[in-house]
Amino acid sequence: MAAPSAERERRRFGQRLLTDPARLFQHNAWDNVEWSEEQEASARSKVQENSSQLLPQDKQEEYEVNAKRYWNDFYKIHENGFFKDRHWLFTEFPELAPNRNSSQNGDSLHEFSPKEESNSEGLGRCENGHCALETRTEGQLNPSQGTAEVCTEDLAAQEHRELNQRDGDYPGSAASYRVLEVGCGAGNTVFPILQTNNDPGLFVYCCDFSTTAVDLVQNNAEYDSSRCFAFVHDLCNDLSPFPMPEESLDIVILIFVLSAILPEKMQSVVTRLSRLLKPGGMILLRDYGRYDLAQLRFKKGQCLSENFYVRGDGTRVYFFTQDELDHLFTTAGLEKIQNLVDRRLQVNRGKQMTMYRVWIQCKYRRPTTPQP
């Protein structure tokens with residue numbers, strides 16, 4: 001009989017540790033833990049229970065109208081102290097590293113680095129549905145407040161910017177490698193990129209729905225306007241302009257951001273972002289998967305629609321399946337490079353507490369040749 005693969009053996013070990021508390025609490029985290037049928041059924045039951053009572057329509061509209069205020073309040077309270085820098089960023093997304101690796105291994109999912117594990121005693125710090133590790137931008141970019149009224153001056157300014165873009169006069173126009181992070185928050189992704197990648201041709205754009213968040217980025221000592229441009233942007237408002245022209249970006253980053261957008265607006269958002277990519281450019285995404293701990297912790301009365309919830313602080317979050325994300329990206333004309341689900345067991349040894357996290361990681365590329 002053939003020996004079991006390393007992957008199969010690792011998953012078997014993961015199952016054994018679930019029944020052995022002494023072994024379990026010797027470690028901080030386990031990657032790709034395979035769920036049993038009973039565990040999946042229990043998660044499904046919890047979701048059915050917490051979504052059995054939907055918020056009234058008038059309350060849902062209130063959260064939509066006041067979305068920006070809720071995120072501004074979040075950053076006024078937490079500033080940059082709630083979420084941690086992402087030490088896994090360059091392992092999972094080597095496209096952001098100095099060597100600009102474009103091989104795009106579609107099978108990688110990171111192991112925790114020693115530095116990341118050293119902070120794992122903080123696991124379990126959740127406030128209003130925000131979990132401190134890996135969920136810094138659980139949607140800093142939020143849905144627009146209906147159809148925005150745009151004054152004549154705004155339209156004139158937009159037309160001026162568009163003319164300048166066509167003439168090649170825009171921030172980062174001289175760069176050879178351009179990256180945009182959507183929903184940058186306090187800069188926990190932007191600044192590691194700027195610190196790590198010393199490519200002189202690199203230029204990083206970052207935007208957020210929250211004015212407070214963008215202020216935090218611009219006022220950071222690491223902010224360098226010669227390599228970075230931070231701006232406020234309402235992604236769901238088609239009249240809200242980008243500072244760069246279409247087909248100018250190599251990378252668009254969406255980390256725990258798409259999940260905060262009203263589900264019926266997600267397709268137009270992804271399609272609009274895809275137009276910013278050069279042929280061969282990619283969207284990199286990491287976001288909540290279905291039955292993540294954060295979804296299971298919601299109570300009745302916090303559900304807005306199927307798999308879409310409002311937290312206690314007024315911010316909102318959606319929990320995806322791989323197929324849903326694949327449909328969004330392929331409908332926008334992008335081709336799949338990676339679409340993986342990461343089921344992770346995190347352990348807080350100090351509190352003797354276990355948490356099952358579910359994330360989805362994707363890479364989708366704009367074709368280098370026009371599609372028929």
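Trainee: Is N307 buried or exposed, and what is its relative accessible area?

Mentor: N307 is buried, with a relative accessible area of 7%. Please keep in mind that the model is predicted. The cut-off used for a buried residue is under 20% relative accessible area.

Trainee: What value does phi of N307 take, and where does this residue lie?

Mentor: The general idea comes first. Most residues other than glycine have a negative phi. Phi of N307, however, is near 65°, a positive value in a residue other than glycine. N307 is placed in the loop between β9 (303-305) and β10 (308-310).

Trainee: What is phi of F256, and in which loop does F256 lie?

Mentor: F256 has a phi near 50°, again a positive value in a residue other than glycine. The loop that holds F256 lies between β7 (249-255) and α11 (266-274). F256 is buried, with a relative accessible area of 0%.

Trainee: How should one read the faces of a helix, and which residues of α13 are buried?

Mentor: An α-helix has 3.6 residues a turn, so residues three or four places apart point the same way. In α13, which spans residues 322-331, the buried residues are L325, L328 and F329. Viewed down the axis of α13, the buried residues fall within an arc of 90°, so they line one face of the helix. D323 and H327 are exposed on the other side of α13.

Trainee: Which elements do the buried residues of α13 pack against, and what phi does G333 take?

Mentor: The packing partners of these buried residues are α11, β8 (277-288) and β13 (353-365). Just after α13, G333 takes a positive phi of about 90°.

Trainee: Let us turn to the strands. How many bridges join β8 to β13, and how many join β12 to β13?

Mentor: A general point is useful here: in a regular strand the side chains alternate between the two faces of the sheet. In this structure, β8 and β13 run antiparallel and are joined by 7 bridges. Opposite W359 in β13 stands Y288. Strand β12, residues 335-348, also pairs with β13 in the antiparallel sense, over 13 bridges. In that region R343 stands opposite V358 of β13.

Trainee: Which residues of the largest nonpolar core touch the most other members?

Mentor: The largest nonpolar core has 42 residues, and those that touch the most other members are L180, V182, L258, L273, L325 and F329. At least two residues of this core come from each of β4 (177-182), β5 (202-208), β7, α11, β8, β10, α13 and β13. The element that gives the most is α11, with 4 residues. Two of the buried residues of α13, L325 and F329, have thus appeared twice in our discussion.

Trainee: Which residues does L273 touch?

Mentor: Leaving aside residues up to four places away in sequence, L273 touches L180, V182, L235, F242, V252, L254 and I283. Another core, of 38 residues, lies apart from the largest one; W88, C228, Y288 and F298 are among its members.

Trainee: To conclude, how many helices and strands are there, and what share of the residues counts as buried?

Mentor: The protein has 13 helices and 13 strands. Of its 372 residues, 53% count as buried. Among contacts between residues at least 6 apart in sequence, 79% join residues at least 24 apart. The accessible surface comes to about 16,700 Å², and 47% of this surface belongs to carbon and sulfur atoms.

Notes:
Residues are numbered from 1 along each chain as its sequence is written. This is a predicted model: local features need pLDDT of at least 70, side-chain atom pairs count only at pLDDT 80 or more; totals for chains, interfaces and linings use all residues. Side-chain values use heavy atoms; hydrogens and water are left out. Buried means under 20% relative accessible area, exposed over 50%, partly exposed in between (1.4 Å probe, protein chains only). The arc is that of the directions from the helix axis to the C-beta atoms. Contact means heavy atoms within 4.5 Å. Two strands pair if DSSP finds at least two bridges between them. A nonpolar core is a set of buried Ala, Val, Leu, Ile, Met, Phe, Trp, Tyr and Cys residues joined through side-chain atoms within 4.5 Å. Accessible areas come from the Shrake-Rupley method with a 1.4 Å probe; for residues, only the protein chains shown count as cover.
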